[in-house]
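I opened the model today to look up a few local features, and I note below what I found, entry by entry.

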Amino acid sequence: MDCSHILQLQLRPNIIDLGWGHPDMELLPHAQIQSATNVALQRWGGAMLTYGIDHGVAPLRLKIADWVAKYEHVRPQIDEIMLSAGNSQALAHICTMLTQPGDVILVENPSYHLALRILRDAPVIIRGIPCDHEGVDVDTLRAVLTEYQNTGQRVAFFYTIPTFQNPTGTSMSSARRHQLAQVVADCGLRIVEDDVYRELWYEQEPAPSLWASMPRGTVIRLGSFAKSLAPGLRLGFITADVTTIRRLAGSGLLDSGGGIAHFQSLIVSEIMESNEFASIVSVYRQRYGARGQALHTALLPLQSHGFQWYRPTGGYFLWMKLPTGSDEKQLLSRLESRGVSALPGQLFSQGSLGYAALRFSFSLYDEATLRNAGAIIVDTLMS
Ligand SMILES: Cc1ncc(COP(=O)(O)O)c(C=O)c1O
């Protein structure tokens, strides 16, 4: 069936497009969502179809609290959780509610290009802080923050993706987490943690979120069901201190429209109650993990030619640094002429990245297609 008129994903004929960070639609849990929808409608009737409570439905918030407590060993109270329509909506909402025109928002450089788009919609100044495979360069972060504070300019928050970052695919090391906690304590920095890939780990469970590791009131964590279940649900959650949650949930938007994603949240509550959530996530881990490994293995011949990357151990992405002097755009157009596409590193940069890179996503295609794409990439980049 041609679904192009209902999807964001637009594929071009004869191109294996590794630019899209979208899930494989074949792997999405249609059947489970269908039966959970029936169960939820049966249970809630019209209450599922009217305006919902502003923080989001309590049954799902309680299940999120259980899930977080199990994996991160810190249990958010129910009033420390609110539901969102996913991390994109949550980030836009935070900008609306917690920033003032002219505020500064610090971001990792590189960072998720579409989060940068969301931040650029707000009347704020965005400043990139270099980051490497261990996470943000905390010394630079501290220096930049101090510089702004000395001139009286308000830094609203630092937006970070510490777990299986987009685009780098790597996670913040424990040394950097400690250093960051120190900056938070010393300088009163507030953190917005985008935790969208937490469930998609392929080897080792990730470290607990910054929200779970730092004092209450310092971190707003954005969790999403977009990668752990399905992005079309448009459902996520925020964990933060009670005051911040009260402020976010006290918006005119929620006053008028009621809780975000009310219908979907009751469906996902059923999925979490029946333990299907854990089994869906475990299938994703297995399938996407194998895909990441397939692409990594296919690309290995490039490692002796100055191309550098870290083997993906979570998330959707392989971030390849190109040899010094490479031209991203030129390499990409050569790749496209051979039938493979990716995204240029510069897209993820606020300011300059200082090196050339490509982001390959391995979520959309099966291993055979990724091996084929990998062989084309090797051949093109080595010639
Ligand atoms: C880092 C990051 N944040 C947020 C999103 C989007 O999240 P959501 O679908 O929950 O809005 C993505 C999707 O690719 C992402 O990579």
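Entry 1, packing of a helix. I began with the buried residues of H2 in this predicted model, and found that they pack against strand E2 (81-84), helix H7 (210-213), strand E9 (236-239) and helix H10 (262-273). The residues concerned are Leu60, Arg61, Ile64, Val68 and Glu72, and, seen down the axis of H2, they fall within an arc of 100 degrees, so they line one face of the helix. On the other side of H2 I noted Asp66 and Lys70 as exposed. I also checked the length of H2 (residues 58-72): its 15 residues reach 20 Å from the first C-alpha to the last, close to the 21 Å expected at 1.5 Å a residue.

Entry 2, the residue after H2. His73 comes just after H2 and sits in the loop between H2 and E2. I wrote down its phi as positive, about 60 degrees, although His73 is not a glycine. Is His73 buried or exposed? I count His73 as exposed, because it has 10 C-beta neighbours inside 10 Å, and the cut-off for exposed is 12 or fewer.

Entry 3, a second positive phi. Arg234, which is not a glycine either, has a positive phi of about 50 degrees, and I located Arg234 in the loop between strand E8 (219-224) and E9. With 17 other C-beta atoms within 10 Å, Arg234 is partly exposed.

Entry 4, helix H1. For H1 (residues 30-44) I compared the expected and actual spans: at 1.5 Å a residue its 15 residues should span 21 Å, and the end C-alpha atoms are 21 Å apart, which agrees. Its buried residues are Ile33, Ala36 and Ala40, and they fall within an arc of 65 degrees when seen down the axis of H1, so they line one face of the helix. I recalled here that an α-helix has 3.6 residues a turn, so residues three or four places apart point the same way. The buried residues of H1 pack against H10, while the face turned away from them carries the exposed residues His30, Ala31, Gln34, Asn38 and Gln42. Just after H1, I noted that Gly45 takes a positive phi of about 55 degrees.

Entry 5, cis peptide bonds. I looked at the bond joining Asn109 and Pro110, which is cis with omega about 15 degrees; Pro110 is found in the loop between E3 and H4. The peptide bond from Asn166 to Pro167 is also cis, with omega near 20 degrees, and Pro167 has its place in the loop between strand E6 (155-160) and helix H6 (174-187).

Entry 6, the ligand. Asn166 came up again here, since Gly86, Ser88, Asn166, Ser224 and Ala226 come nearest of the 14 residues around the ligand. By class, I recorded six nonpolar, seven polar and one charged residues in the shell around the ligand.

Entry 7, the two domains. The domain assignment gives domain 1 (32-276) and domain 2 (278-382), and their C-alpha centres lie 26 Å apart. The contact takes 28 residues from domain 1 and 25 residues from domain 2. On the side of domain 1 that touches domain 2, I found that strand E3 (104-109), helix H4 (113-120) and strand E4 (125-132) each supply at least two residues, and the residues of that side divide into twelve nonpolar, 13 polar and three charged.

Technical notes: Residues numbered from 1 in each chain as written. Predicted model: local features only at pLDDT ≥ 70, side-chain atom pairs only at ≥ 80, totals over all residues. Near = placed C-beta within 6 Å. Nonpolar A, V, L, I, M, F, W, Y, C, P; charged D, E, K, R; others polar. Expected span 1.5 Å × (residues − 1). Buried ≥ 20, exposed ≤ 12 C-beta atoms within 10 Å, placed from the backbone. Arc of directions from axis to C-beta. Contact = placed C-beta atoms within 7 Å. Domains from an automatic or database assignment.
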